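These are my notebook entries on a structure I went through for its side-chain packing and charge pairs. I record each item as I looked it up.

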Amino acid sequence: KKEAKEIYSSLALDLEKAATTQEMVLAFHGVLSLLSERIERNGAHLSTNSIGKVRDFVDDHYGESLKISRLAKMAGVSVSTFGRKFKKLTGIGLEPYLQNRRLEEAKRLLRTSNIPVYRIGRDCGFKSYTYFVKLFGAKIGLPPQKFRKQF
């Protein structure tokens, strides 16, 4: 409210000083630019905050099928905006982020449990056992079974 009063007072003063219609238009233009900048800055903050909340959701629900359209809707932005802002926030796109999160959980389960490897893959959100084994080997450097034997 204080900021709004300051903007209003500034506009009123500029309008009182204005000698021509051109000066009045410039005063309104200046205030509109200032308001636009403030709204954009607040919107960017809210958007980043909502993207962060969706990232937390992904961290908690990595084992589920997560569609980018659903996540974008949760954040209140378009799919393309979500993808861009998610990458800006995390440093990587949604798909690699989700793969890394799933692989980290798979590594943890392989180290600390006796759950069969196929179930670990499934529980971590991989739809195919073959894909899980192939991706795990490519990213970690060992197949899941050999990784488990190290621990």
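**Entry: aromatic residues of helix α4.** I began with Phe82, which is buried, its relative accessibility being 0%. I note that the model is a predicted one. I then turned to Phe86 and found it buried as well, with a relative accessible area of 0%. The two rings make an aromatic pair classed as tilted, with 5.6 Å between centres and 35 degrees between planes. Both residues belong to helix α4, where they stand 4 residues apart, so about one helical turn separates Phe82 from Phe86. Over the structure I counted 6 aromatic pairs.

**Entry: a second ring pair and its cluster.** I looked up Phe126 and Phe132 next. Their rings form a tilted pair, 5.1 Å from centre to centre, with the planes at 40 degrees. The tilted class applies because that angle falls between the limits of 30 and 60 degrees. Is Phe126 buried or exposed? Phe126 is buried, at 5% relative accessibility. Phe132 is also buried, at 0%. I traced the ring pairs outward and found a cluster made up of Phe126, Tyr131, Phe132, Phe136 and Phe147.

**Entry: the nonpolar cores.** I asked which residues of the largest nonpolar core touch the most other members. They are Val58, Leu71 and Phe82, in a core of 15 residues. Two or more residues of this core come from each of α2 (21-60), α3 (68-75), α4 (79-90) and α5. Helix α2 supplies the largest share, namely 4 residues. I then listed the neighbours of Leu71, leaving out residues up to four places away in sequence. Leu71 touches Val54, Phe57, Val58, Leu66, Phe82 and Leu94. A second core, separate from the one above, holds 12 residues, among them Ile120, Cys124, Leu135 and Phe147. Phe147 also belongs to the ring cluster noted earlier. As general background, nonpolar side chains tend to be buried together in soluble globular proteins.

**Entry: Ser113.** I located Ser113 in the loop that lies between α5 and α6. Is this serine buried or exposed? Ser113 has 16% relative accessibility and therefore counts as buried, the limit for that class being under 20%. I looked for polar partners of its side chain. A polar atom of the Ser113 side chain lies 2.7 Å from the backbone oxygen of Leu109. The Ser113 side chain also reaches the backbone nitrogen of Ile115, at 3.4 Å. Setting aside neighbours within four places in sequence, I found Ser113 in contact with Ile120 and Arg148. Of these two, Ile120 is a member of the second nonpolar core.

**Entry: the salt bridge in helix α5.** I searched the whole structure for salt bridges and found 6. In general, side chains of opposite charge can pair when their charged atoms come close. One of the bridges joins Glu104 to Lys107, with the closest N and O atoms 3.2 Å apart. These partners are 3 residues apart in helix α5 (residues 94-112), which means that about one helical turn separates them. I compared how they are exposed: Glu104 is partly exposed, at 43% relative accessibility, whereas Lys107 is buried, at 16%.

**Entry: charge pairs around Asp123.** I recorded two bridges that involve Asp123. With Arg119, the side chain of Asp123 forms a salt bridge at 3.9 Å, N to O. This value is within the 4 Å cut-off, so the pair qualifies. Arg119 and Asp123 are 4 residues apart in helix α6 (residues 117-123), with about one helical turn between them. Arg122 also bridges to Asp123, the N to O distance being 3.4 Å. I checked the accessibility of each participant. Asp123 is partly exposed, with a relative accessible area of 34%. Arg119 is partly exposed at 32%, and Arg122 is partly exposed at 48%. I also found a network in which salt bridges with shared partners connect Arg101, Glu105 and Arg108.

Notes
Residues numbered from 1 in each chain as written. Predicted model: local features only at pLDDT ≥ 70, side-chain atom pairs only at ≥ 80, totals over all residues. Heavy atoms only, no water. Buried < 20%, exposed > 50% of the residue type's maximum accessible area, 1.4 Å probe, protein only. Core = buried A, V, L, I, M, F, W, Y, C linked by side-chain atoms within 4.5 Å. Contact = heavy atoms within 4.5 Å. Polar contact = N/O pair within 3.5 Å; in protein donor to acceptor, adjacent residues only side chain to side chain. Phe/Tyr/Trp six-rings, centres within 6.5 Å; stacked < 30°, edge-to-face > 60°.
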